[in-house]
Amino acid sequence: MAETPYEPRLKALQHALTRKNLDAYIVLDRSNTFYLTGFTGTFSILLIGNRAAYFITDFRYIERVRAHLAGFTIVLSKRNHERTVARIARRKSWKRIGFEETITYGDLERLRNADRRLQLQCARGMIEALRIKKDQAELLSIRKAAATCDAVFARIRPLLRPGTAEKQIERKIRTTIERLGGQSEAFPTIVASGPNSSMPHYETGSRTLQKGDLVTIDLGVRLDGYCSDITRTFFIGSASREQRRIYEVVLEAQKRALEGIKPGVAATQADRLARSFIVQSGYGKFFGHGLGHGVGIDIHEPPYLRQEDKTLLYPGMVITIEPGIYIPGKMGVRIEDLAVVTDIGCEVLTLTPKDFSAAVLRI
Ligand code: ZN
Ligand code: ZN
């Protein structure tokens, strides 16, 4: 049988445990569980030691995981799941046990009460640190999710005309994603038209597009459990001089970042590549968010390309590059692409055209 992507991930975590001097690690986070096992159910506890790994779940999922999970001993837990964890730990003589920072207070209390002798300690980011570099299987899924974004944009174009409501466009995006084989949107799609576009996280509403509007559409596709993310800004019919100027500044800022991103560049430097151009152009105070974020199982995950973040970029990281300029109450332009850091630079995965002439839609 061919090796699944899960065995190397499990081994990498086990190495990391040894380095941290932990006997075992408890995994409750759904995204981390998916990363290690491919399991998408709502309940499981992974208890992973240096040489053994246990997958604890209840009767709802036991059949499913028995058939699929390699590398884990499957444990059916009936009632007190924390006591099941404690029992295994005792049998294996595991004492120092790490947990994720996202654990709930209730879960932690129950674990403590299950066996007071366990030395439970927060060991944050252990799996997230592995997830930051995507393997081949993950890159394949993300490429497909990115290509689906492009296909969605190609199909919704005819709707981008006066009289169409933001909500209508959002609905069409959702149904198109499903028709194209995506599982769902990676996050609630943003369709922000006219003055609404000045809010980077606008909640799509009932406003209808008008001639001369600018509309910003931020969408993502979830496919095979992985996300993609893209933003385009369009002009309905024509752009004013100011709109065009702002668009060109954002586009140039993005281009500078894309050209400069390569292994060894720090996240803060990447942010600066775009930000310094926007500042020079006089719009510095209107670029209020970071340049981008990592994308994978979660839509926002490390690394974060923002000021002060010293994380060094390296091959296999998947990131967004999304500069924007937002003039309150008036307009906003954001251009976002998904890219993977390569050995020599970065490769853009979302390919929907973005030069100014492509952004102006004839009506
Ligand atoms: Zn986005
Ligand atoms: Zn984004």
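This passage describes two zinc sites, two buried residues and two helix pairs in a predicted model. Residues are numbered from 1 along each chain as its sequence is written, and chains are lettered from A and ligands numbered from 1 in the order in which they are written. In this predicted model, local features need pLDDT of at least 70, side-chain atom pairs count only at pLDDT 80 or more, and totals for chains, interfaces and linings use all residues, while side-chain values use heavy atoms, with hydrogens and water left out.

We can begin with the metals. The zinc ion (ligand 1) is held by Asp 218 (OD), Asp 218 (OD), Asp 229 (OD) and Glu 336 (OE), at 2.0 to 2.6 Å. Donors here are N, O and S atoms within 2.8 Å of the metal (3.2 Å for Na, K and Ca), and water is not among the atoms, so sites may look incomplete. The four donor atoms subtend angles of 55 to 150°, which makes the arrangement around the zinc ion (ligand 1) irregular. For reference, four donors count as tetrahedral if all angles lie between 85 and 135 degrees; four count as square planar and six as octahedral if opposite donors are over 155 degrees apart and all others between 65 and 115; anything else is irregular. Along the chain, the donor residues of this ion are spaced D-x10-D-x106-E. Within that set, the pair Asp 218 and Asp 229 links distant parts of the chain: Asp 218 sits in strand S9 (residues 214–219), and Asp 229 in the loop between strand S11 (226–227) and strand S12 (230–236), eleven residues apart. Helices (H or I, at least four residues) and strands (E, at least two) are DSSP runs numbered from the N terminus. Both Asp 218 and Asp 229 are buried, a term meaning under 20% relative accessible area, with exposed over 50% and partly exposed in between (1.4 Å probe, protein chains only).

The zinc ion (ligand 2) has as its protein donors Asp 229 (OD), His 293 (NE2), Glu 322 (OE) and Glu 336 (OE), lying 2.1 to 2.2 Å from it. Its four donor atoms subtend angles of 77 to 149°, so this arrangement is irregular. Asp 229 coordinates both zinc ions, ligand 2 and ligand 1, which are 3.1 Å apart. The pair Asp 229 and Glu 322 also links distant parts of the chain, with Glu 322 in the loop between strand S15 (318–321) and strand S16 (324–327), 93 residues apart. Glu 322 is buried, as is Asp 229.

Away from the metals, Ile 48 lies in strand S2 (residues 45–49) and is buried, with a relative accessible area of 0%. Leaving aside neighbours within four places in sequence, Ile 48 is in contact (heavy atoms within 4.5 Å) with residues including Leu 10, Leu 36, Phe 72 and Trp 94. His 81, found in helix H4 (residues 81–92), is buried too, at 16% relative accessible area.

Finally, the helix pairs. The axes of helix H7 (residues 136–156) and helix H8 (residues 166–179) come within 10 Å and cross at roughly 130°. That makes H7 oblique to H8. Axes are lines fitted to C-alpha atoms, for helices over the stretch in contact, and angles run from 0 to 180 degrees between N-to-C directions. Helix H9 (residues 241–260) and helix H10 (residues 267–280) pack at about 150°, with their axes 8 Å apart. That makes H9 roughly antiparallel to H10. Angles under 35 degrees count as roughly parallel, over 145 as roughly antiparallel, 65 to 115 as roughly perpendicular and the rest as oblique.
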